[in-house]
Amino acid sequence: MLMSIMLPSLRRAKEQARQVVCLSNVRQFITAWSTYAMEYNERICSSYTHLNQPNPWDDGHVPGNRFNNWVADGPGVGFNPVCNTEQALRDGVLFDFVQTVDLYRCPSDHRRLVRSYSIAHAMGCPHNYEGERTYTTSLEVRSPSERMVFVDARAGTTRGPDGTVGHLGCFTPVNTVSDEWLGGAVQLSARHDGQCNMAFADLHVDRWRWRDPRTVDYALGNMGFSEFQAASHENIDLPRLKEILRPATFR
Ligand SMILES: [Zn+2]
C-alpha cells in the first residue's frame with residue numbers, strides 16, 4: 001500500500017531531476033554557441049549537421065569540418081558510418097567549448113541516439129528552405145530573446161540495414177508557408193511531462209509547455225503525415241513556435 005503511494009512520487013522526483021539536467025545542458029550549449037560566435041567574428045555555427053553543402057561564409061578555419069557544423073554527422077542525407085557516433089559530436093565546431101559527449105543527450109531521451117538536441121533551422125542552416133534567408137551572424141539576430149537556438153528535440157530514428165541512423169539534421173517542425181506541421185528529420189519533443197526545454201539567442205533558457213494536446217501527440221510521434229493538416233488547424237502552439245523560429249527574412 002505504502003509502495004503504491006510512494007512510487008509515483010518517486011518517479012516524479014526522478015523526472016524532475018532529469019529535467020534540471022536537460023535544462024543545464026541547453027544552457028551550456030547556448031553559452032558555447034555564443035562563445036564560438038565571439039571567437040569567429042560573430043559568425044554563428046551551422047545548425048545543419050551534414051557535410052554536403054558548404055556555408056557561404058566558410059573559410060575552412062576548423063580542420064576536418066569546413067562547414068562549421070555544430071555537429072558533423074557526415075556526408076549526405078542518407079546513412080554513413082559517422083552519423084550518430086561520438087565522432088560526429090567531437091568533429092562539430094562546438095565540441096571544443098563543451099568538451100563532453102554526455103551533454104548531447106537528454107537524460108529522459110530513451111532512444112539509442114548519441115544526441116537529443118538540435119538547433120533551429122534559421123540559425124545558420126545553409127539551405128534556404130521555403131525561400132527565406134537564415135542568419136549567418138549573431139549581429140543579424142533582432143529580438144534575440146524571442147529567437148530560439150537550441151531545443152530538446154526528437155531526431156528521426158530511421159535506421160539502415162546495419163543499424164546506423166540517418167539524417168539528424170536541424171530543427172524545422174513547421175512549414176512557414178502552409179502553417180502546418182512538417183514531417184522532417186528533427187521534431188519537437190514533449191518528453192518532460194509534455195514540456196520542451198529551449199535556449200534563446202540572448203542566452204536565456206526556458207521550458208515550454210505545449211498548450212494544444214495535438215502538439216503533444218505530434219511531438220511524441222503518435223501522428224502520421226495525413227493528420228498534420230487537421231492537427232495544425234487553429235493550433236495555438238503553431239504561431240508561438242513560428243515566431244521563435246523566424247528566419248532573418250522571408251521571400
Ligand atoms: Zn530533455
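Student: Which residues have the most contacts inside the largest nonpolar core?
Tutor: This is a predicted model. In soluble globular proteins, nonpolar side chains tend to be buried together. Here the largest nonpolar core has 60 residues. Those with the most contacts inside it are Trp33, Trp70 and Phe150.

Student: Which helix gives the most to this core?
Tutor: The core counts 60 residues. Nine of them come from one helix, and no other element gives more. That helix is H1.

Student: What is Trp33 in contact with, leaving aside its neighbours within four places in sequence?
Tutor: Contact here means heavy atoms within 4.5 Å. Val149 and Phe150 are on the list, and so are Ile119 and Met123. The others are Ile44, Cys45, Leu94 and Ala201.

Student: How are the elements of the chain ordered from the N terminus on?
Tutor: The chain has six helices and eight strands. From the N terminus on, the order is α-α-α-β-β-β-β-β-β-β-β-α-α-α.

Student: In what order do the four strands of the open sheet lie?
Tutor: The pairing is antiparallel. E1 and E8 (205-209) are the edge strands, since each pairs on one side only. The twist averages 25° from one strand to the next. The order is E1-E2-E7-E8.

Student: Which residue is the bridge partner of Ile119 in E2?
Tutor: E1 and E2 (residues 148-152) run antiparallel and are joined by three bridges. Elsewhere in this pair, Tyr117 stands opposite Asp152. For Ile119, the bridge partner is Phe150.

Student: Is E2 largely enclosed or open?
Tutor: The cut-off for buried is under 20% relative accessible area. Five of the five residues of E2 meet it, so the rest of the structure leaves this strand largely enclosed.

Student: Which residue in E7 stands opposite Met148?
Tutor: E2 and E7 run antiparallel. Three bridges join them. Opposite Met148 stands Phe200.

Student: How many bridges join E7 to E8?
Tutor: These two strands also run antiparallel. Within the pair, Met198 stands opposite Asp206. Their hairpin has four residues between the strands, and Leu203 takes a positive phi near 80° there. The number of bridges is five.

Student: What angle does the direction of helix H6 make with that of E8?
Tutor: H6 (residues 237-244) packs on the sheet. It touches E2, E7 (195-200) and E8. The angle between the directions of H6 and E8 is about 160°.

Student: Which residues are the protein donors of the zinc ion?
Tutor: The donors lie 2.0 to 2.3 Å from the metal. Along the chain they follow the spacing C-x83-C-x45-D-x39-H. They are Cys22 (SG), Cys106 (SG), Asp152 (OD) and His192 (NE2).

Student: Is the site of the zinc ion tetrahedral or irregular?
Tutor: Four donors count as tetrahedral if all angles lie between 85 and 135 degrees. The ideal value for four tetrahedral donors is 109.5 degrees. At this zinc ion, the angles among the four donor atoms are 96 to 122°. The site is tetrahedral.

Student: How many residues apart in sequence are the parts that Cys22 and Cys106 tie together?
Tutor: Cys22 is buried, and so is Cys106. Cys22 lies in H1 (residues 2-39), while Cys106 lies in the loop between H3 (95-98) and E1 (117-119). The pair therefore ties together parts that are apart in sequence by 84 residues.

Student: Is Gln99 buried or exposed?
Tutor: Gln99 is found in the loop between H3 and E1. Its phi is near 65°, a positive value in a residue other than glycine. Most residues other than glycine have a negative phi. Its relative accessibility is 55%, so Gln99 counts as exposed.

Student: What is the relative accessible area of Ser143?
Tutor: Ser143 sits in the loop between E1 and E2. Its phi is near 45°, a positive value in a residue other than glycine. Ser143 is partly exposed, with a relative accessible area of 35%.

Student: What percentage of the residues in the chain is buried?
Tutor: The chain has 251 residues. Of its contacts with a separation of 6 or more, 66% are between residues 24 or more positions apart. The buried share of the residues is 51%.

Terms used: Residues numbered from 1 in each chain as written. Predicted model: local features only at pLDDT ≥ 70, side-chain atom pairs only at ≥ 80, totals over all residues. Heavy atoms only, no water. Donors = N, O, S within 2.8 Å, 3.2 Å for Na, K, Ca; no water. Tetrahedral: all angles 85-135°; square planar, octahedral: opposite > 155°, others 65-115°. Buried < 20%, exposed > 50% of the residue type's maximum accessible area, 1.4 Å probe, protein only. Axes fitted to C-alpha atoms, helices over the stretch in contact; angles between N-to-C directions. Core = buried A, V, L, I, M, F, W, Y, C linked by side-chain atoms within 4.5 Å.
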